[in-house]
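Biologist: Could you take me through this structure, one part at a time?
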Amino acid sequence: MNYLSVESISKSYGAHILFKDLSFGIAEGQKVALVAQNGSGKTSLLRIIAGEDEPDTGRVTYRKGVKKGYLAQEPKLERRLSILESVLAVDNPMTKAIKAYEKALQHPEETEAYQKAFDEMERQQAWDFEAQVKQVLGKLGFDDPSPLTDKLSGGQLKRVALARLLISQPDLIIMDEPTNHLDISMIEWLEEYLSQNNITLLMVTHDRYFLESVCDVILELEDQTLYQHPGNYSRFLERKAERQEIESINVGKARNLMRKELEWIRRQPKARGTKSKARIDAFHELKKEATKDMRGNQLQIEVKMTRLGSKILEIHRLRKSFGELNILGGFDYTFKRGEKIGIVGPNGTGKSTFLRLITGQIEPDGGKIITGETVKFGFYTQEGMQLNEEKRVIEVVKEIAEYIPVGRKGRNITASQMLERFLFEGDKQYTYISKLSGGEKRRLYLLTILMDNPNFLILDEPTNDLDILSLNVLEDFLDEFNGCVLIVTHDRYFMDRLTDHLFVFEGEGRIRDFPGNYTDYRQHAEREKELEKRRNKSLVKSVEPKEKEKAEKTKLTYAERLEMESLEQELEELEDRKKAIAKEFEEASLNAERLEELSREMNELNNTLEEREMRWLELSEYEK
């Protein structure tokens, strides 16, 4: 059953054509993704399909009775409502019943109103639906749905809008960058949710794992033309490569033909009769095909990295908290040249705070951060550069530098040439910032960061709003970057491709240094869960053992008793040494070498303590 038909639609803004004569359809159960470079019109196309805008030509037709739901990049919600009220602000009898019941719960003394609300819940069979609402809110980080939307950040508002969209259960879900502002666990839950067979979906996303596991059709918008690719992201890449290979052959043939036509054109400067005019028109079409750049518009990142010395960044016993919220509880790490470290963890565990501590934007409560003299940070933040909307693109770059050093041979290029490498070509350089798409603003912001030639890059959610092609080029650049890179991102593909190991923020001040990328970590976490399940099963089985078995298990051998006494003595000594090191850390006169030596010893002590405590606990069970 066809849900949606898009027929020959076009959209322009002034002389700038976004797309023309686009046609496609979406059938029930299909999951369709739209991919394209930033500024190609992805969001404009979604807005037209969602009924938020009108095409210049063509039409969009829905099957009668099909209900659509749209998640914009920056959704607008009615303020002064609670999270729950905002999510239930969809017009159907079930949500009305839930709202009335939630209100009645706040005033249990009004028994008549409560009974009426309870009866309506029964009539609408809304109990399961209410549980589903609270489950969706919980998965998106809203365990308490009572706060007003006025107090929420932009990212939280988008999550509220996402929850409302899912709860309204439209026949066709339309989503613009749904994974922005979600942490990785939320993305994995949403991925599983949208993979259900009964969901029909059209979305714009740059999340390649999402495209791989959810989508069965990918629409590619390139040079104002729409290409349809059945299959997931892997299949899309294969078909795109095949298409480009065929195009390159056709371009080669067109170039050979053009040489012959060019000779004819030059021989006939005055040939403007009816017969020759057709050939001249054909020549111009041929020229267009022959001069096509098969490389396409591709981001080019080349910077001259500032020299990085042997001492980079040392973190010793770093502590930070906000009231009762413990962010860092004594973290130690020494960075080495060329390290690429990913940072993962739920929202609110302190990932962005950690980056701001490193760069000196906020002060720690305790511990030390020692930064090498040659370190030059490039800090790409979530909020992005505060660009003046009234300025043109070229003005923003020239304010930083007229000429930019690139490569290793002392070459300089102009601000305009640098902009061309970042896909701001010709008239685009004189476009006002206010006219740029979200992805184009991000790309310009990245350019301003790299212009300063940093040797230690700190990237806080760098993938938001960037198109897939730009992400590929950025990944290639970072892969070859010889400095240090610290990355916070919800993009699992980006994390897997670049990171050597992870800092896993577990909450309550705990940070685990995990050797491996995100997929390695997820597999490790799954194994740990499985082991925990097995341990719990074993404990359940041994709750009521036979009396004889119980007597045998609770009896320590003479050697084990001696071992336990020795462990108690050793644990006391280890704790005393730990306290002594902690006290020495507080000394202001401590030099860097001694700090590093003490940090190593503290790490070894913690490992030894954990091992000995586990063994002591094992033995103590038999003493009971």
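Modeller: The conversation below covers sheets, a loop residue and a pair of helices. Please keep in mind that this is a predicted model.

Biologist: Let us begin with the sheet of six strands. What is the strand order, and what is the pairing?
Modeller: The order is 5-6-7-3-8-9, in an open sheet with mixed pairing.

Biologist: Which are the edge strands?
Modeller: They are strand 5 (68-71) and strand 9 (225-230), and each of them pairs on one side only. On average, neighbouring strands in this sheet are turned by 15 degrees against each other, direction ignored.

Biologist: How many bridges join strand 3 to strand 7?
Modeller: There are four, between residues 31-36 of strand 3 and residues 200-204 of strand 7, and these two strands run parallel. A33 has M203 of strand 7 opposite.

Biologist: Which strands does helix 1 lie across?
Modeller: Helix 1 (residues 42-49) lies across strand 3, strand 5, strand 6 (172-176) and strand 7. Its direction makes an angle of about 150 degrees with strand 6.

Biologist: Now the sheet of three strands, please. In what order do they come?
Modeller: The order is 2-1-4, again in an open sheet, and the pairing is antiparallel. Strand 2 (16-27) and strand 4 (57-62) each have a single partner strand, so one side of each is left without a neighbour in the sheet.

Biologist: How many bridges join strand 1 to strand 2?
Modeller: Eight bridges join strand 1 (residues 2-13) to strand 2, and the two run antiparallel. Among the residues involved, N2 has A27 in strand 2 as its bridge partner.

Biologist: A change of topic: where is L81, and is L81 buried or exposed?
Modeller: L81 is in the loop between strand 5 and helix 2 (83-87). Its relative accessibility is 19%, so L81 counts as buried, the cut-off being under 20%.

Biologist: What is L81 in contact with, leaving aside its neighbours within four places in sequence?
Modeller: The contacts are S86, P147, L148, T149 and D150. P147 is 66 residues apart from L81 along the chain, with 8.3 Å between their C-alpha atoms.

Biologist: Finally, helix 12 and helix 14. At what angle do their axes cross?
Modeller: The axes of helix 12 (residues 393-400) and helix 14 (residues 438-450) cross at roughly 15 degrees and come within 10 Å. The two helices are therefore roughly parallel to each other, and their crossing is right-handed.

Biologist: Which residues make the contact?
Modeller: Helix 12 contributes V393, V396, V397 and I400, while helix 14 contributes L444, L447 and T448. Of these residues, six are nonpolar, one is polar and none is charged.

Methods: Residues numbered from 1 in each chain as written. Predicted model: local features only at pLDDT ≥ 70, side-chain atom pairs only at ≥ 80, totals over all residues. Heavy atoms only, no water. Axes fitted to C-alpha atoms, helices over the stretch in contact; angles between N-to-C directions. Parallel < 35°, antiparallel > 145°, perpendicular 65-115°, else oblique. Left-handed = near helix turned anticlockwise from the far one by under 90°. Contact = heavy atoms within 4.5 Å. Nonpolar A, V, L, I, M, F, W, Y, C, P; charged D, E, K, R; others polar. Pairing = 2+ DSSP bridges. Buried < 20%, exposed > 50% of the residue type's maximum accessible area, 1.4 Å probe, protein only.
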